[in-house]
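This report is meant for someone meeting the structure for the first time. Please keep the sequence and the 3D view at hand while reading the sections that follow.

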Amino acid sequence: MSPSLTCTSLAFTWPDGTAVFEGLDVAFGPGRTGLVGVNGSGKSTLLKLLAGELAPADGTVRVAGEVGYLPQNVTLDTALRVDEALGIAARRAALHAIESGDVAEEHFGTVGDDWDVEERALATLGELGLGHIGLDRTVGEVSGGESVLLRLASLLLRRPDVLLLDEPTNNLDLYARKRLYTAVASRPGVMIVVSHDRELLELVDQIADLRCGEVTWYGGNYSAYEEALAVEQEAAERMVRAAEADFRKQKRELVDAQMKLARRKRYGQKMWDQKREPKIVMGARKRAAQESAGKHRIMHEEKVAEARERLDGAVEAVRDDDEIRVDLPYTAVPPGRDVLTVRDLSLAYGARVNGGLDLRGAERVALVGRNGAGKTTLLRTVAGELEPVSGEARAHVPLRFLPQRLDVLEAELTVAENVARFAPGATNNRVRARLARFLFRGARADQKAQTLSGGERFRAALAALMLAEPAPQLLMLDEPTNNLDTASVRQLTTALESYEGALIVASHDLPFLESLGITRWLLMEEGGLKEVTAEALGLRES
């Protein structure tokens, strides 16, 4: 039997009563599937249900084959040895015992047929760029990104028939991402990938779009999905225009019919008052007219209701692709204006930036490099959150820094109150008018920060910084696309198009960086900042 996953009438509800799925039917067969959808649509929840990490309230999940699951937030015991994290410690110990001359039967039972387990483990680590780690080090000695790859290596060693990956490239540097792409491209069997990583989604065979508790299938990779979706949306918008025209027509016909009926009623009343016909004849005529008028009115009202229903259905088919459009003239930086000076920095946690960096004018700088190179430490030092051990980092213009943790928001305050903290001179009406451009309209601006989804929380934090007073002329973002769905990434990109100041973005998401119109690429490695080209990073042909 070929490996597969099948959900039948699947239902799941969170303890607070929020329903995620009600009667979901979906099946995943061989091949690579990209599972996409807006933040909060239930992608990670569905993976947990498929992996058996959560139990459905109703319905069934049937699995043909062994399942391997890589969660979004990987946590490994830092005291574990690498071979223990890979799940091969017992077999490896038994092999070493046999090689040392101990031929106890239990050792052979432990090894089974897996005599090359150590070689396979080292080869798998090498394929993922972890060959330097070895099997005897502890998990605590590897970086966060390496621990993600280590968990993936343990899954690949098991050779599961079904592999579930939830945002696997989060926290991976450029080099580790490339390794993961190669592993995904060569992996047989059933694979379901939840990701916002455009490059990763270009490697899948089909896209499963999870929306409103249902899955819609699209053949091909993410580019093919976008093309198909654009065609669908164009057709949906035409349907809306046609339904709106029909609705207006039916409303006009209803009004016309009501006017005609009113004229007939006045004429009938006039005949009654003048008693031009026998009373019994006039009574019968009046009853017939009333009955006819009632049927006529009901018919037109039903037509209006049907037209309204068609319009609602057509509108529902059009996706909410609202974009952030803001005007931020006070963020502009004149060409040649000194923005930032960095000189021979020794940073906290042992990182260094030898030499210097000068930013002038509205430059857009991408800061890239391996995990642990010190990119976040550099940004926090420039922002004034960390003191340099030695050297200088000085901003010459107002700056704002958006960290990965998004901890610029006060959880107990509303979105509007949070923004007002950064712009104390702005009136409430002005704050709300500006927030509406960031898609927080009306009551949405009164939501508490702690109730926001991941994408909403990011948008609120971005609004707070970009609408701050004085206006930031240097904006620094640290891994801004982590955990954002593709719609939120588009919203971020359009918001940054309106920003006229200098920009520094630390990110491993190369397609996102390229979409920002980056003017300088800086690679942080080996204690220095090195200017590189997009070609050198593999973005474009040289």
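## A helix lying across strands

Which strands does helix 1 (residues 43-51) lie across, among them strand 6, and at about what angle to strand 6 does helix 1 run? In this predicted model, helix 1 lies across strand 3, strand 5, strand 6 (162-166), strand 7 (190-194) and strand 8, and its direction is at about 150° to strand 6. Helix 1 also lies across strand 1, strand 2 and strand 4, where it runs at about 120° to strand 1.

## The protein as a whole

The protein contains 16 helices and 18 strands, and of its 542 residues 46% are buried. Among the contacts in the protein with a separation of 6 or more, 71% are between residues 24 or more positions apart.

## A sheet of six strands

Six strands form an open sheet with mixed pairing, and their order is 5-6-7-3-8-9. Strand 5 (67-70) and strand 9 (214-219) are the edge strands, each of which pairs on one side only. On average, and with direction ignored, neighbouring strands of this sheet are turned by 20° against each other.

Within this sheet, strand 3 (residues 31-36) and strand 8 (residues 206-211) run parallel and are joined by four bridges. The bridge partner of T33 in strand 8 is Q206. The loop between strand 8 and strand 9 holds C212, a residue other than glycine whose phi is nevertheless positive, near 55°. Is C212 buried or exposed? Its relative accessibility is 71%, and because exposed residues are those over 50%, C212 counts as exposed.

## A sheet of three strands

Another open sheet has three strands in the order 2-1-4, and its pairing is antiparallel. Strand 2 (19-28) and strand 4 (58-64) stand at the edges with a single partner strand each, so one side of each has no neighbour in the sheet. From one strand to the next, the twist averages 15°.

Strand 1 (residues 4-13) and strand 4 run antiparallel and are joined by six bridges. Opposite L5, in strand 4, stands V63.

## Two helices in contact

Helix 3 (residues 89-99) packs with helix 5 (residues 117-127) at an angle of about 130°, and the axes of the two helices are 9 Å apart. Because of that angle, helix 3 is oblique to helix 5. Helix 3 contributes R91, R92, L95 and H96 to the contact, while helix 5 contributes V117, E118 and R120. Taken by kind, the residues of this contact are four charged, two nonpolar and one polar.

## The buried face of helix 12

In helix 12 (residues 415-422), the buried residues are V415, A416, N418, V419 and F422. Why can these buried residues be said to line one face of the helix? Seen down the axis of helix 12, they fall within an arc of 160°, so they line one face of the helix. The elements that cover these buried residues include strand 14 (399-402), helix 13 (428-437) and helix 14 (454-466).

## Strand 17 and its partners

Strand 17 (residues 520-525) has five of its six residues buried, so it is largely enclosed by the rest of the structure. Strand 12 (residues 364-368) runs parallel to strand 17 and is joined to it by four bridges, whereas strand 18 (residues 528-532) pairs with strand 17 in the antiparallel sense over five bridges.

The residue W521 appears in both pairings: W521 is the bridge partner of A366 in strand 17, and the bridge partner of W521 in strand 18 is V532.

## Details of the backbone

Where does P470 lie? P470 is found in the loop between helix 14 and strand 15 (474-478), and the peptide bond that joins E469 and P470 is cis, with omega about 0°.

In the loop between strand 15 and helix 15 (486-498) lies E479, which has a positive phi of about 50° although it is not a glycine. With a relative accessibility of 8%, and because buried residues are those under 20%, E479 counts as buried.

Notes. Residues are numbered from 1 along each chain as its sequence is written. This is a predicted model: local features need pLDDT of at least 70, side-chain atom pairs count only at pLDDT 80 or more; totals for chains, interfaces and linings use all residues. Side-chain values use heavy atoms; hydrogens and water are left out. Axes are lines fitted to C-alpha atoms, for helices over the stretch in contact, and angles run from 0 to 180 degrees between N-to-C directions. Angles under 35 degrees count as roughly parallel, over 145 as roughly antiparallel, 65 to 115 as roughly perpendicular and the rest as oblique. Contact means heavy atoms within 4.5 Å. Ala, Val, Leu, Ile, Met, Phe, Trp, Tyr, Cys and Pro count as nonpolar, Asp, Glu, Lys and Arg as charged, and the others, Gly among them, as polar. Two strands pair if DSSP finds at least two bridges between them. Buried means under 20% relative accessible area, exposed over 50%, partly exposed in between (1.4 Å probe, protein chains only). The arc is that of the directions from the helix axis to the C-beta atoms.
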